[in-house]
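Got your viewer open? Let's take a walk through this structure, one selection at a time.

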Amino acid sequence: MEGTEQFIMGDTACAEGAIACGCKFFAGYPITPATEVAERMAKRLPQVGGTYIQMEDEMASMAAILGASWGGLKSMTSTSGPGFSLMMENIGLGIIMEVPCVVVNVQRAGPSTGLPTLCAQGDMMQARWGSHGHYEIIALSASSPQELFDITIKAFNLSEKYRLPVLVLTDEVVGHMTEKVVIPPYDKIDVYSRRISTLPPEEYLPYVSDEDMVAPMVGIGEGYRIHSTGLTHDKRGYPVITAPVQKEMMDRLIYKIRNNVDDIVEYEEIEMADAEIVVIAYGISARPALKALEMARDSGIKCGMMKLITIWPFPEKRIRELAPQVRGFVVPEINYGQICLEVERCSAGKTEIVLVSHAGGAIFHPNEILEVISRL
Amino acid sequence: MKKQGLKELNGMPGKHPLSDLLRDDRMPHIWCPGCDIGTVFSSCLTAIHESNIDYNNFAVISGIGCSGRAAGYVKLDSFHTTHGRAIPFATGLKIAKPKMNIIVFSGDGDLFTIGGNHFIHAARRNMDLTIICVNNFTYGMTGGQVASSTPFNARTSTTPDGNFERPFNLAYMAAAAGAAYVARWTTLHVRRLTNSILEAFNKKGFSFVEVISSCPTSFGRKNKLGPPLHIIQHFHKISVIKNGIHPKDANLDIEKEIVVGKFVDIERPTFFDLWEEIYPPKREKGAK
Ligand SMILES: Cc1ncc(C[n+]2csc(CCOP(=O)(O)OP(=O)(O)O)c2C)c(N)n1
Ligand code: SF4
Ligand SMILES: [Mg+2]
C-alpha cells in the first residue's frame with residue numbers, strides 16, 4: 001500500500017490512514033455506513049502484526065480500545081450514529097483516564113435508526129459534549145477519501161500528543177465515495193507517539209504533567225504499578241472525592257486543550273483575500289459549497305470559504321477576527337444548525353449569519369448554497 | 001523481585017501481611033465493617049502472592065460497585081473502569097499484553113446484570129482472563145437494589161414486597177457460555193477459594209470464580225439475615241461441596257442449600273490459540 005496511489009472508498013482510506021501511522025488494534029461493531037472501516041481493518045491488521053476484534057456492542061468496543069491503548073497499542077474504533085451514542089460513557093472514561101485512541105463516526109441521518117444508508121451531519125454537537133460532564137474534546141472532519149486518510153493520521157497524532165480520544169467525523173457520502181488517495185511511503189509520514197516517562201517507578205506519578213499540561217505515560221507490566229480510575233483523582237491517580245481535587249483535575253483536562261488550540265486547530269481558507277461573504281463549511285458540505293463559491297465568483301460576488309478541518313476545539317479566534325471584516329457568513333450543514341450556533345457565538349453580532357440547513361438523506365446542491373450567497 | 005513471605009511479615013506490628021500488594025496509602029478502605037468483599041480481596045492477594053508469578057505480570061481491572069473498588073486498593077497495574085465494562089476493557093488490555101495475567105475483580109451487578117453480555121461473549125471467545133465475582137446478591141454500592149442475581153422472593157430496596165423475578169445461576173451461565181474454569185465458594189471456604197483463584201490464574205482460557213458473599217449493610221439488613229458473622233456462617237453451614245458436578249445442578253438457594261466446588265476445568269483453545277492458527281507468522285506479542 002505505501003508509496004502508491006489507490007482508487008479507494010473513504011472508509012477504506014480511513015483504515016489505511018490508521019495502518020499507515022501504526023494503529024495495531026481495532027475493536028468494533030458493524031454499522032452502516034462505517035462497516036467498511038472495520039472490514040478493512042480486519043484484513044489489514046493481521047498483516048501488520050495487529051489485532052482486529054469484533055466486539056459484542058459499541059460499549060465493549062470503546063472499552064476495549066481503552067484497555068488496548070493502556071497496553072501500549074495505538075487503537076481505534078469506528079461507528080455511526082446509534083453506535084456513537086453507545087460509546088459515549090466510555091469516551092468519557094477515555095477523557096478522564098486520558099487514554100489516546102481514535103473514534104471514527106461516519107455520520108448517517110438520525111435521530112435513532114433514522115436513515116441508516118444516507119448521510120447527515122447531525123452529530124457535531126454530540127461529538128462536543130455527548131458524554132456527561134464538562135470536557136474538551138478534539139474532533140476533526142473530512143470531506144474526501146484523501147482527507148479521511150490524512151485526518152485519521154492527524155487524529156492519532158493528536159490523541160497520542162494530548163492523551164485523549166480524538167474523534168474523526170465524516171459522513172456516509174465521504175465514507176462511501178471512491179476517489180484517488182495518495183498513500184505516501186510510511187517513513188515519510190509524520191507520526192507522533194505518546195511520551196513515555198523516563199522516571200523510575202518510585203518517582204513516577206501518572207498524572208503529573210509536563211509544561212504542555214500532558215502527563216507522560218508508562219508501560220503496563222513494567223513495574224510502575226499505576227492506578228487509573230474514572231473517579232475524580234489526584235496526581236497519583238487515586239480517587240479523591242472533593243471539590244478542590246475536582247478543580248485541579250478538571251483544569252488540566254480542559255486547559256491541556258484550550259492552551260494548545262493553536263497547535264490543534266486547522267482550517268483551509270479559499271479565495272479569502274478580498275472575500276466579503278464567507279462560507280463556513282465542513283465535511284461533505286464543503287464540496288458543494290466550493291462549487292457554489294466558484295459560481296458566485298463567476299457572477300462577480302466576492303465570496304470566500306473557510307473549510308473547517310478541526311471542528312473541536314472550535315476555530316473561534318479566526319472567526320472572531322473575520323466577523324467584523326465581512327458582510328456575512330453562510331453556514332451550510334446537514335442538520336438544523338449546530339456549527340452555525342458556534343459561528344454565531346464567535347461572531348458576537350458583528351456580522352450577518354445565514355444557516356443553510358438540510359434535514360439529511362442527501363447532500364446540498366450547490367445552487368442551494370449559491371442562492372443564499374447571492375441574497376446576502 | 002523478592003517477595004516477603006507471609007510469615008516474615010506477620011511479626012511486623014502495624015503492617016498488613018500482604019502490604020507489598022496493598023496501596024496502604026489508600027487506607028482506610030470504603031468497605032463497611034463486616035463486609036465480605038475484604039475476604040475475597042485478601043484471598044485474591046494471597047493467591048497472587050502464592051502464585052510465584054512476578055507481580056509485574058498482573059493487572060487488575062474492576063467495574064463499578066463496592067466490589068469494584070478492589071482495583072484501587074491493589075498495588076499492581078490497576079484500572080477502575082465503568083459500570084459493566086471491566087471485561088471488554090480487560091479484553092483490550094489482554095490483547096495488548098498477552099503474557100500478562102489479567103484479573104477482573106467486580107460485583108454480581110457489574111459483571112452479570114449491566115455487564116452480562118460482555119461476560120458471555122468473553123467466555124465464548126475463551127479470552128484468557130480470570131474473573132472473580134463477589135456475588136452478594138445485590139447492588140451494594142447504591143443501597144441494595146434488586147439485581148439479576150437476587151434470589152427469588154428476597155427483599156431489596158426496589159423489591160419491597162419480594163423479588164418476583166428469577167435470578168441467574170452465574171456458574172451455570174459461565175459454563176454454558178464456554179468458560180474453561182468455573183468454581184464457586186463462600187467466603188468461609190478461604191483456603192479452597194484461594195486455591196481456586198490460583199488455579200484460575202494458571203488456567204489457559206476464561207476462568208470464573210464466584211464467591212458467595214454477604215453485604216450485611218444492604219442485603220443482610222433488608223432480609224433480616226442478622227449480624228455479618230451470622231450471615232456467612234449460615235452460608236457456610238448450608239453449603240455442600242460437589243466438585244465436578246454439572247453447573248446446572250449447582251443449586252444456589254440461600255435459605256436451603258448452596259452447592260460449592262470446582263465445576264468446570266477443561267481445555268479449550270483460547271482466543272489467542274485460534275488466532276495464531278490463522279495468523280502464525282506476523283503476530284508481535286506484547287508490542288509496545
Ligand atoms: C451506567 C451506570 N449505571 C448505574 C450506576 C450506579 N451504580 C453504581 S454501583 C452499582 C451497582 C454495583 O453492584 P455490584 O456490581 O453487585 O457491586 P457491589 O456494590 O454489590 O459490590 C450501580 C447500579 C453506575 N455507576 N453506572
Ligand atoms: S454496602 Fe454492602 S457490599 Fe458495599 S461495602 Fe457495605 S456491606 Fe459491603
Ligand atoms: Mg453486588
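This tour of a predicted model goes from a ligand to a pair of helices and then to the place where two chains meet.

**Stop 1: the ligand.** Click on ligand 1 and show what surrounds it. You should find 19 residues, and the closest are G65(B), G107(B), G109(B), D110(B) and G140(B). Now colour β3 (101-107) and α5 (108-114) of chain B: each supplies at least two residues of the shell. Which element gives the most to this shell? That's α5(B), with three residues. Colour by class and you get seven nonpolar, 10 polar and two charged residues around ligand 1.

**Stop 2: two crossing helices.** Stay in chain B and select α2 (residues 37-50) and α8 (residues 190-202). Their axes come within 8 Å and cross at roughly 50°, so α2(B) counts as oblique to α8(B). The crossing is right-handed. Show side chains to see who makes the contact: T39(B), S43(B) and A47(B) are among the residues from α2(B), while α8(B) brings residues including L193(B), I197(B) and F201(B). By class, this contact has seven nonpolar, four polar and one charged residues.

**Stop 3: where the chains meet.** Next, show chains A and B together. Their contact takes 40 residues from chain A and 33 residues from chain B. On the chain A side, pick out α3 (58-70), which gives the most, with nine residues. That side of chain A divides into 20 nonpolar, 14 polar and six charged residues.

**Last stop: strands across the chains.** Select β10(A) and β2 (residues 77-80) of chain B: they run parallel, joined by three bridges. Zoom in on S228(A) and you'll see F79(B) of β2(B) standing opposite.

Note on methods: Residues numbered from 1 in each chain as written. Chains lettered and ligands numbered in written order. Predicted model: local features only at pLDDT ≥ 70, side-chain atom pairs only at ≥ 80, totals over all residues. Near = placed C-beta within 6 Å. Helix = DSSP H or I, 4+ residues; strand = E, 2+ residues; numbered from the N terminus. Nonpolar A, V, L, I, M, F, W, Y, C, P; charged D, E, K, R; others polar. Axes fitted to C-alpha atoms, helices over the stretch in contact; angles between N-to-C directions. Parallel < 35°, antiparallel > 145°, perpendicular 65-115°, else oblique. Left-handed = near helix turned anticlockwise from the far one by under 90°. Contact = placed C-beta atoms within 7 Å. Pairing = 2+ DSSP bridges.
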